Amino acid sequence: MARDPVADLRRIAFLLERANEATYRVRAFRSAAAALAKLGPGEIAARVADGTLTKVNGVGEVTARCVAESLRGEEPVYLRRLTATEGSDVGEAAAALRRALRGDCHAHSDWSDGGSPIEEMATTAIELGHSYLVLTDHSPRLTVARGLSADRLREQLDVVAALNETLAAADVDFRLLTGIEVDILADGSLDQEESLLAMLDVVVGSVHSGLRDAAEAMTRRMLTAVANPHLDILGHCTGRKLAMGSDGGDRAHRGGRGRPESQFDAEAIFGACLSAGKAVEINCRPDRLDPPKRLLRLAYEMGCAFAIDTDAHAPGQLDWLHYGCERAALCGVEADRIVNTWPRERLLSWAATH
Ligand SMILES: [Zn+2]
Ligand SMILES: [Zn+2]
């Protein structure tokens, strides 16, 4: 039984307004509802069938997806998420996600641009109750961050192995997992030796250069990286930096201390992550909070898995997980979709399947 898509869109707009969400988002649903009301049910169904609904002025990808779901008789995912979080306390949902997290998949030591030794990062992670921390120092081409050459990374693997032996001998239920935040190069290849990437427990791949590339080039570059079997997690996908104004606001300014989002076909990228079983990172750094909520929602609605990562460059920053949990809770992400709520063994076998 088909539902009334116009009613569903209006309901979504109402719930967004009540939750005090950004006006542009509310407007997207209100304009789509108005445009569709004018078309009438017959033409809406015909346009959904031939994929031309987004050609209607005021109807975008997200609203079109809601309409298609309504016509199939399903409550749109977007509406279901709003209804599920409606009236519930986002703070409580975020706290529950934080409690569900067992580790962190992105952190730096003083081997690259972090401020503290590996042991200090590991000790702090243990004190925070983590069952694992993935050490992800930078790769060679990121010279500004003292990226690790293949030889230094090999040396680091020995240090990590020795540390884990000590922990095992002391019966500590924590492991420092080997990893890297590998640069996604201009052609989409990963900036480290293939055989080394294959040895690591978890590989985070991030774009750090050419962030202003045209959308087509950036999309191709990221698709190539996501398709690389070594990549497990797509790090801070838009590369944006927030200007940390006095309002602590979530606004990316051009220039100043902020950096705009890089442009790419988000549906294509998240679709590739979904089909390859890769996780989209929810980066907790207050100056990143990447992806922005509209993309986080899109990735969620498409069915992607996530990793809530601190990207800590100092021990205290390992406790920034709650920033990412808040955003995940706001977007309705459930704990099981988040790979670092999984036990260590499950995380490791997931990463090993790629
Ligand atoms: Zn990075
Ligand atoms: Zn990083």
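## A buried histidine at a zinc site

His-236 is buried, at a relative accessible area of 1%. The cut-off for buried is under 20%. The model is predicted.

His-236 binds zinc through NE2. Its metal is the zinc ion (ligand 1), whose other protein donors are Glu-181 (OE) and His-208 (NE2). These donors lie 2.1 to 2.2 Å from the ion. Their spacing in sequence is E-x26-H-x27-H. The two histidines link distant parts of the chain, 28 residues apart. His-208 is in the loop between β4 (202-206) and α10 (215-227). His-236 is in the loop between β5 (233-234) and α11 (266-276).

## The second zinc ion

Which residue coordinates both zinc ions? Glu-181 does, and the zinc ion (ligand 2) is 3.5 Å from the zinc ion (ligand 1).

The zinc ion (ligand 2) takes His-106 (NE2), His-108 (NE2), Glu-181 (OE) and Asp-311 (OD) as protein donors. They lie 2.1 to 2.2 Å from the metal. Their sequence spacing reads H-x1-H-x72-E-x129-D. Angles among the 4 donor atoms run from 82 to 171°, and the site is irregular. A tetrahedral site with four donors would need all angles between 85 and 135 degrees. For four tetrahedral donors the ideal angle is 109.5 degrees.

His-108 sits in the loop between β1 (103-107) and α7 (118-127), and Asp-311 in the loop between β7 (305-309) and α13 (321-330), so this pair ties together parts 203 residues apart in sequence. Both His-108 and Asp-311 are buried.

## Helix α11 against α12

The loop that holds His-236 is followed by α11. The axes of α11 and helix α12 (residues 293-302) come within 10 Å and cross at roughly 45°. That angle makes α11 oblique to α12. The crossing is right-handed.

Which residues meet across this pair of helices, α11 and α12? From α11 come Ala-266, Glu-267, Phe-270, Gly-271 and Leu-274. From α12 come Leu-295, Leu-298, Ala-299 and Met-302. Residues three or four places apart on an α-helix point the same way, because there are 3.6 residues a turn.

## Helix α13 against α6

The loop that holds Asp-311 is followed by α13. Helix α6 (residues 90-100) packs on α13 at about 125°, with the axes 8 Å apart. The two helices, α6 and α13, are therefore oblique to each other. Their crossing is right-handed.

On the α6 side, the residues in contact are Val-90, Ala-93, Ala-94, Leu-97 and Arg-98. They meet Leu-321, His-322, Cys-325, Glu-326, Ala-328, Ala-329 and Leu-330 in α13. Buried residues of α13 include Leu-321, Cys-325, Ala-328 and Ala-329. Gly-324 and Arg-327 are buried in α13 too. Just after α13, Gly-332 takes a positive phi of about 75°.

## Ala-225 in helix α10

Helix α10 follows the loop that holds His-208. Ala-225 is in α10. Is Ala-225 buried or exposed? At 0% relative accessibility, Ala-225 counts as buried.

Leaving out residues up to four places away in sequence, Ala-225 touches Ile-184, Gly-188, Leu-190 and Leu-231. Pro-41 is 184 residues from Ala-225 along the chain, and their C-alpha atoms are separated by 42 Å.

Terms used: Residues numbered from 1 in each chain as written. Chains lettered and ligands numbered in written order. Predicted model: local features only at pLDDT ≥ 70, side-chain atom pairs only at ≥ 80, totals over all residues. Heavy atoms only, no water. Donors = N, O, S within 2.8 Å, 3.2 Å for Na, K, Ca; no water. Tetrahedral: all angles 85-135°; square planar, octahedral: opposite > 155°, others 65-115°. Helix = DSSP H or I, 4+ residues; strand = E, 2+ residues; numbered from the N terminus. Buried < 20%, exposed > 50% of the residue type's maximum accessible area, 1.4 Å probe, protein only. Axes fitted to C-alpha atoms, helices over the stretch in contact; angles between N-to-C directions. Parallel < 35°, antiparallel > 145°, perpendicular 65-115°, else oblique. Left-handed = near helix turned anticlockwise from the far one by under 90°. Contact = heavy atoms within 4.5 Å.
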